[in-house]
Amino acid sequence: MPKRFNINGVCYPDRHYMVDLSGRLQEIRALVDNGDYFVISRARQYGKTTMLRALEEYLLPDYIVILMSFQKMSSAKFQDEYAFSRAFARDFLKKADRECNRRRLDSGSLLELERQWKQEAAAFDLAELFEALSSLCAAASEKIVLMIDEVDQASNQQVFFDFLGQMREYYMNREETAAFHSVILAGVYDIKNLRMKIRPDDEHRYNSPWNISAEFDVELGFSPKDIASMLLSYEKEHCTGMNIGEMAGELFGYTGGYPYLVSCLCKKLDERALDWDVQGLRVTVRDLLKERNTLFEDVIKNIRNHRAFAGLVEQLLVNGANVVFERSNPTIDLGVMFGILAEKDGKTVVSNVIFETLMFHYFTSVRATEALTSSEYADKPQYFKDGRLYMEKVLDRFAAFMKAEYRKEDGAFIERQGRLLFLGFLRPIINGTGFYAVEPQTRQNRRMDIQVFYGQEEFVIELKLWRGEAYEQKGCCQLVDYLRAKGLRQGYLVSFCRRKKPQKPRWISYEGYKIYEVIVEC
């Protein structure tokens with residue numbers, strides 16, 4: 001079968017287009033060789049399971065590797081330590097059977113473990129389980145590496161903390177008592193963050209049972225170089241004529257290297273036979289943002305379930321808040337763990353443009369007003385000429401909308417909500433054919449640059465609060481710098497103003513660039 005891009009389940013090099021994992025595997029192997037116990041904590045659909053499967057094969061020549069998952073263990077298996085111990089032993093034996101067939105595990109030890117959990121169910125607790133596992137490690141011909149995927153499926157159960165506590169004790173005493181050489185746990189929640197999943201009435205039972213964990217700082221996200229290597233493999237087979245370097249840079253620009261997003265965009269480009277160029281990618285991003293998928297649902301769920309986190313994200317996106325990146329801040333740490341926040345130049349930022357746009361859609365939607373859907377402003381044909389978006393008309397009508405509906409609001413309201421109101425006004429106009437993205441580099445000093453993509457055209461709009469002529473001049477200068485970087489000759493400047501008599505929208509020339517200026521009276 002020909003190779004394909006895969007976004008569902010584990011990726012395999014002989015079946016799927018993948019980035020080269022060899023460098024990452026070598027880094028993880030160094031931790032294993034050192035006998036470390038550690039956690040691979042990354043956001044959902046970040047390639048953790050694929051990495052574990054690849055690591056299993058990578059380690060097998062030198063280690064006995066037991067790869068398990070808590071994904072299929074029902075909640076009943078975590079009711080108490082007896083149910084958990086039996087379930088764990090049963091799964092462990094299934095996974096160990098291959099190693100026994102390869103004559104690397106002592107069959108007598110496996111049979112003893114099986115006898116215990118089958119015949120002594122009433123007394124088979126965690127202590128009995130670990131004694132049996134210790135005996136198995138002592139009898140094994142080679143060192144055993146235990147890997148457990150989806151560990152946070154059980155992390156709101158006390159028995160899981162007891163399990164970690166037992167694991168810790170055997171680690172601490174492994175010079176005297178046989179234990180696993182290395183243990184790797186994988187999930188979204190890092191062990192130190194599991195407090196977030198414990199019910200408040202149970203929080204007193206949390207006692208940091210995994211302080212033995214070594215630091216895991218291997219980068220699992222894709223760099224532009226990683227993406228280029230995957231595209232090169234694809235290009236050799238399909239000969240699309242794409243500019244691999246340019247496409248890799250564009251894919252990284254939209255996704256920040258988030259593995260699922262990169263593969264998803266590539267998969268759509270391939271299956272829809274779109275051109276592998278900037279325009280084809282824009283169409284694909286637009287279509288992706290209209291979809292519902294488990295990753296997007298997870299992002300929105302995390303915003304809705306964590307009020308402090310939602311407030312931080314809104315401050316970053318809408319108000320351009322300048323927040324120092326500090327992982328000890330639990331709200332920032334939560335966002336990093338979810339894959340939504342990242343660090344750039346010491347500041348806290350949203351990790352990629354697609355997540356930014358998705359969350360802007362959410363915030364504008366929950367703040368939608370009836371006025372935005374009135375026929376006077378919602379009549380879409382008025383915003384188009386010969387199939388092209390008439391941006392000047394969009395801005396003129398937005399200014400009229402703000403004057404009619406929000407003239408009595410104070411400046412603080414406009415500063416907080418003006419940007420969201422504009423995006424809420426814009427979205428139904430371009431929805432289905434175009435999309436927008438907010439430039440994170442410029443979301444500072446109370447200004448925001450928005451890129452609007454419609455058909456073959458790109459529009460750059462700067463939103464800012466009007467604070468005097470000098471500030472307006474600075475806005476023109478900043479907009480021109482951005483237009484120059486984008487290779488465009490005209491842009492749009494929207495100023496929210498309460499202290500200056502509004503002037504009619506006008507085209508102005510600034511350093512040879514055309515700027516359409518609109519003053520929004522509010």
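Visitor: Which residues are linked with Arg286 and Asp287 in a network of salt bridges?

Guide: Happy to start there, with the reminder that this is a predicted model. Arg286 and Asp287 pair directly, their side chains meeting in a salt bridge at 2.9 Å, N to O. The network of salt bridges joins these two with Lys268, Arg272, Lys290 and Glu291.

Visitor: Are Asp287 and Arg286 buried or exposed?

Guide: The cut-off helps here: a residue is called buried when its relative accessible area is under 20%. Asp287 and Arg286, the pair that meets at 2.9 Å, share one label, and that label is buried.

Visitor: How many salt bridges does the structure hold?

Guide: Side chains of opposite charge can pair when their charged atoms come close. Among the pairs here are Asp226 with Arg24 and Asp33 with Arg29. For the structure, the count of salt bridges is 19.

Visitor: How many residues apart in sequence are the parts that Asp226 and Arg24 tie together?

Guide: Good one to trace on the model! The side chains of Asp226 and Arg24 meet in a salt bridge at 2.6 Å, N to O. Asp226 sits in helix H7 (residues 224-238) and Arg24 in helix H1, so this pair ties together parts whose separation in sequence is 202 residues.

Visitor: What is the relative accessibility of Arg24?

Guide: Arg24 is in helix H1, which covers residues 22-33. Its partner Asp226 is buried, and Arg24 is buried too. Buried means under 20% relative accessible area, and Arg24 earns that label because its relative accessibility is 7%.

Visitor: Which residue forms a salt bridge with Asp33?

Guide: Stay in helix H1 for this, where the two partners are four residues apart and therefore separated by about one helical turn. The closest N and O atoms of the pair are 2.7 Å apart, and the partner of Asp33 is Arg29.

Visitor: Is Asp33 buried, exposed or partly exposed?

Guide: Its partner Arg29 counts as buried, at 18% relative accessibility. Asp33 has a relative accessible area of 38%. Partly exposed lies between the under 20% of buried and the over 50% of exposed, so Asp33 is partly exposed.

Visitor: Which residues form a positive surface patch with Lys94?

Guide: Lys94 belongs to helix H3, residues 81-101. With 58% relative accessibility, Lys94 counts as exposed, because exposed means over 50%. The residues that complete the positive surface patch with Lys94 are Arg53, Lys72 and Lys95.

How values were computed:
Residues are numbered from 1 along each chain as its sequence is written. This is a predicted model: local features need pLDDT of at least 70, side-chain atom pairs count only at pLDDT 80 or more; totals for chains, interfaces and linings use all residues. Side-chain values use heavy atoms; hydrogens and water are left out. Patches are made of residues with over 30% relative accessible area and no salt bridge: like charges are joined within 9 Å, nonpolar side chains (Val, Leu, Ile, Met, Phe, Trp, Tyr) within 5 Å. Accessible areas come from the Shrake-Rupley method with a 1.4 Å probe; for residues, only the protein chains shown count as cover. A salt bridge is a side-chain nitrogen of Lys or Arg within 4 Å of a carboxyl oxygen of Asp or Glu. Lys and Arg count as positive and Asp and Glu as negative; His and the chain ends are not counted. The place of a charge is taken as NZ of Lys, CZ of Arg, CG of Asp or CD of Glu. Helices (H or I, at least four residues) and strands (E, at least two) are DSSP runs, numbered from the N terminus. Buried means under 20% relative accessible area, exposed over 50%, partly exposed in between (1.4 Å probe, protein chains only).
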